[in-house]
Amino acid sequence: QLQASGGGLVQAGGSLRLSCAASGRTPSNSVLAWFRQAPGLQREIVAPISWSGASTYYADSMKGRFTISRDNAKNAVYLQMNSLKPEDTAVYYCAARYGTSSWNRYEYPYWGQGTLVTVSS
């Protein structure tokens, strides 16, 4: 079970840090990821991160502004979001899978409930 938190209302240019806690231990072959879904749009990848902490992908629109990290001792994954823009407004979801890292939402069988981020202009 995944539980996301940390969303809220922030002004453009501001920062937020999202957290996602996983119940139970996260195996060494687990991949955690953040996705987001804006109103009327499909769910899109933000970034995945392997158990070792390697993240080889950020969506272009978020590159340089968002940073994914994980703490295996706490079974948690985080998303630090800086320089937020109104177009970052979305529900942010954490997800998990076992095996190799993936950008494909259909390859993640485990999802949190989502946390809403609203960026005002």
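Visitor: How many bridges join E1 to E3?

Guide: This is a predicted model, in which local features need pLDDT of at least 70, side-chain atom pairs count only at pLDDT 80 or more, and totals for chains, interfaces and linings use all residues. Residues are numbered from 1 along each chain as its sequence is written, and side-chain values use heavy atoms, with hydrogens and water left out. Strands are DSSP runs (E, at least two residues) numbered from the N terminus, and two of them pair if DSSP finds at least two bridges between them. E1 and E3 run antiparallel, and Ala4 stands opposite Cys20 in E3, the number of bridges joining the two strands being 4.

Visitor: In what order do the 4 strands of the open sheet stand?

Guide: The pairing in this open sheet is antiparallel, and its edge strands, E1 (2-5) and E6 (66-71), each pair on one side only. Strand E3 (residues 16-22) and strand E7 (residues 76-81) pair over 6 bridges, with Cys20 opposite Val77 in E7. The order of the strands is therefore, given that a pair needs at least two bridges, E1-E3-E7-E6.

Visitor: Which side chains along E1 point to one face and are buried?

Guide: In a regular strand the side chains alternate between the two faces of the sheet. Buried means under 20% relative accessible area, exposed over 50%, and partly exposed in between, with a 1.4 Å probe and protein chains only. Along E1, Gln3 and Ser5 point to the other face and are not buried, whereas the buried side chains are those of Leu2 and Ala4.

Visitor: Which residue meets Asp88 in a salt bridge?

Guide: A salt bridge is a side-chain nitrogen of Lys or Arg within 4 Å of a carboxyl oxygen of Asp or Glu, and by this rule the count comes to 5. One of them, at 2.9 Å from N to O, involves Asp88, which lies in the loop between E7 and strand E8 (90-98), while its partner lies in strand E4 (residues 30-37), so the pair ties together parts that are 52 residues apart in sequence. Both residues are buried, and they belong to a network of salt bridges that also links Glu44 and Arg65. The partner of Asp88 is Arg36.

Visitor: Is Arg97, which forms a salt bridge with Glu107, buried or exposed?

Guide: The closest N and O atoms of Glu107 and Arg97 are 3.9 Å apart. Glu107 is partly exposed, with a relative accessible area of 36%, whereas Arg97, at 12% relative accessibility, counts as buried.
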